[in-house]
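Student: I would like to go through this structure one feature at a time. Please end each reply on the value or name I ask for.

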Amino acid sequence: MCGIIGCVGRGDETLDTLVHGLSKLEYRGYDSAGVAMANGGVDVVKTAGEIDDLRRTLEGSALTGDVGIGHTRWSTHGPPTDANAHPHQDCTGDVAVVHNGIIENYQSLRDELVGAGHTFTSDTDTEVVPHLVEDALEAGVDPERAVRDAIARLEGSYAVAVVVAGHSTVYAARNDSPLVLGLGEDETFLASDVPAFRDYTDQVVYLADGEFARLDAEGWTVTTLDGESVETDVDTIEWDPEETGKSGYDHYMLKEIHEQPRALRQCLRGRVDEMAGTVDIEDLGDLSPTGVQFVACGTSYHAALYGAQLFRNAGIPAQAFLASEYATSVPPIGDALVVGVTQSGETADTLSALRAARKRGARTMTVTNVVGSTAARECDHAFYIRAGPEIGVAASKTFSSQQVALNLLALGMTRTVDTRDVITSLRELPGNVQRVLDESAAEAVAEVYQDADAYFFIGRGYQHPVALEGALKMKEITYKHAEGFASGELKHGPLALVTEHTPVFAVVTGDGEQARKTVGNVKEVEARDAPVVAISDGQTDVARYADHVLEIPETHPRAAAVLANTHLQLLSYHTAALLGRNIDKPRNLAKSVTVE
């Protein structure tokens, strides 16, 4: 879970381009960072810490060159130290490598190399790669062949970029870890994700597993690892570079929370006809599933839980599975449609689950934000949430966009209920989210409870996944203990943890049986002196038993879940801000989890 950048053709601006690209990739890893420049030799500067630490280190260097690679790291093998930072070099210092992923056979390779006389200076799995390249070069093969031979010996997941002294070329390959080329007029880029080079070009080529790229002054080529030619598609990125800036907000997360009205409009655009009461997803074909199995991780799993309820309520059997569990113990699939929900389209556990389903003969679909991602390419169908780039590690606008996209899929696939009221509520969502953003009292509530011992979130039906997501957001960015429960489960054990120092956030919408039962659960915690914050549309009397109320407009229960979530996002954000947390880069976490 790291960020890779490579660049050829930028001349004297190469180093600045690499560092700028790393700053755009820092959401993928920020334990350490470094760059390697190929000129007559290969020079490396790297350091533990964030990109600003690398900038300070570079101020005292004389690094030059017109070809280079860079890396920002999220630690997997070895702690975040200067020695473990990338790029890594061979014994001669003539080879430099950056790597994302996990090399599963690194220990046996390392033992072999040490036995042959190689000296290692880090704890990482990556360092075997430059030494393998060194061995191949000493055997007399050219650099490209040496890199191909080295990569052929790796087992596991990798995105690798290599430079060799005396050669103005970047060599790269991928397997189960993303790499994308950026094609400028006179320069070529390589990165883990498009934001690294979007300021320079909107033309991209996504590498597939098993592909090898060569970047030099003459341009770029893509082949298989064995050297066979590959047909590639050049895609155009639709979003503007400005979308990856903070636009005056203190944090990306706050900006992205406030971008939700626009993100939801983009998700809905061209897909709903309010007058006819219909949803148009005909570009996916006639799916008509008899059952649906969702696979996802983290925030996307909460969206999947919400989506499974949508399908079940429409009469289609549906379940949501944690992708990491599904991949290692695939349940009976039958003729169910398997849907991977993944913001990046590169989540390793979700890709493994989808691949396991395909091996069983299942039809697969991804609900993702990234056109050209691995999930989009490998699945039979792709449905895009169109949220635009999200930089903050804690997902915000992508979760609400996933909720809306799953509504559209359920409406478009089932046709078993009157859709007009639901569609109306979805079309009203952008405006209603904006109203919540404008009027929310979440910051004031955060001030009251910032020193709480723990936080509990409860909800039923569509609001249960929202409660889980509210707790996850609180954990991710405040580092405080938080748990989410189905409301009825609170009394089956967790109630023992409730005290006057543990606020309970209860999502209560509508006036049906689920809402009334949740009000009963609120009374239970109130009787035990726990402070209660209700997220409510005013259709029940829950306000009578709550210390604070975060109000949402009255709407359909499906849409109410999105509005309630907006309050909880703001609550977590403001709590983290009051506690002085690093909101956009929470400790130990990275945006796109590309290792299992």
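Student: In which helix does Arg 358 lie?
Tutor: This is a predicted model, and the replies below refer to that model. Arg 358 lies within residues 348-359. The element that spans those residues is helix 10.

Student: Is Arg 358 buried, partly exposed or exposed?
Tutor: The relative accessibility of Arg 358 is 40%. Buried means under 20% and exposed means over 50%. Because 40% falls in between, Arg 358 counts as partly exposed.

Student: Which side chain does the side chain of Arg 358 join in a polar contact?
Tutor: Leaving aside neighbours within four places in sequence, Arg 358 is in contact with Thr 364, Glu 378, Cys 379 and Asp 380. A polar contact of 3.3 Å joins the side chain of Arg 358 to that of Asp 380.

Student: What distance separates the C-alpha atoms of Arg 358 and Val 338?
Tutor: Along the chain, Arg 358 and Val 338 are 20 residues apart. In space, their C-alpha atoms are separated by 8.7 Å.

Student: What is the strand order of the open sheet with parallel pairing?
Tutor: This open sheet has five strands. Strand 18 (318-322) and strand 21 (381-384) each have a single partner strand, so they stand at the edges, with one side of each left without a neighbour in the sheet. From one strand to the next the twist averages 20 degrees. The order is 18-17-19-20-21.

Student: Which residue in strand 21 is the bridge partner of Met 365?
Tutor: Strand 20 (residues 363-368) pairs with strand 21 in the parallel sense, over four bridges. In strand 21, the bridge partner of Met 365 is His 381.

Student: At about what angle does helix 8 run to strand 18?
Tutor: Helix 8 covers residues 298-313. It lies across strand 17, strand 18 and strand 19 (337-342). Its angle to strand 18 is about 170 degrees.

Student: How is helix 12 oriented relative to helix 17, roughly parallel or roughly antiparallel?
Tutor: Helix 12 (residues 397-414) and helix 17 pack with their axes 10 Å apart, at an angle of about 175 degrees. Angles over 145 degrees count as roughly antiparallel. That makes helix 12, relative to helix 17, roughly antiparallel.

Student: Which residues of helix 17 does helix 12 meet?
Tutor: Helix 12 also lies across strand 17, strand 19, strand 20 and strand 21. On the helix 12 side of the packing with helix 17 are Phe 399, Ser 400, Gln 403, Asn 407 and Leu 411. In helix 17 they meet Arg 558, Ala 561, Val 562 and Asn 565.

Student: Which helix gives the largest share of the largest nonpolar core?
Tutor: The largest nonpolar core has 84 residues, and Leu 571 is one of those that touch the most other members. The largest share of this core, eleven residues, comes from residues 557-579, which form helix 17.

Student: How many residues are in the other core that lies apart from it?
Tutor: Among the members of this other core are Ile 5, Ala 33, Val 204 and Val 393. It lies apart from the largest core, and its residues number 29.

Student: Which strands stand at the edges of the sheet with the order 3-2-4-1-10-9-11-14?
Tutor: Eight strands form this open sheet, and the pairing is antiparallel. An edge strand here has a single partner strand, so one side of it is left without a neighbour in the sheet. The two that stand there are strand 3 (42-48) and strand 14 (235-236).

Student: How many residues of helix 1 are buried?
Tutor: Helix 1 covers residues 14-24, eleven in total, and is mostly covered. The buried residues, including Leu 15, Leu 18 and Leu 22, pack against strand 1, strand 2, helix 2, strand 4 and strand 10. The number of buried residues is eight.

Student: What is the relative accessible area of His 99?
Tutor: His 99 is in strand 6 (residues 95-103). Its contacts beyond four places in sequence include His 71, His 86 and Asp 125. His 99 is buried, with a relative accessible area of 2%.

Student: Which residue does a cis peptide bond join to His 86?
Tutor: The omega of this bond is about 0 degrees. The partner lies in the loop between strand 4 and strand 5 (88-89). The residue joined to His 86 is Pro 87.

Methods: Residues numbered from 1 in each chain as written. Predicted model: local features only at pLDDT ≥ 70, side-chain atom pairs only at ≥ 80, totals over all residues. Heavy atoms only, no water. Buried < 20%, exposed > 50% of the residue type's maximum accessible area, 1.4 Å probe, protein only. Contact = heavy atoms within 4.5 Å. Polar contact = N/O pair within 3.5 Å; in protein donor to acceptor, adjacent residues only side chain to side chain. Pairing = 2+ DSSP bridges. Core = buried A, V, L, I, M, F, W, Y, C linked by side-chain atoms within 4.5 Å. Axes fitted to C-alpha atoms, helices over the stretch in contact; angles between N-to-C directions. Parallel < 35°, antiparallel > 145°, perpendicular 65-115°, else oblique.
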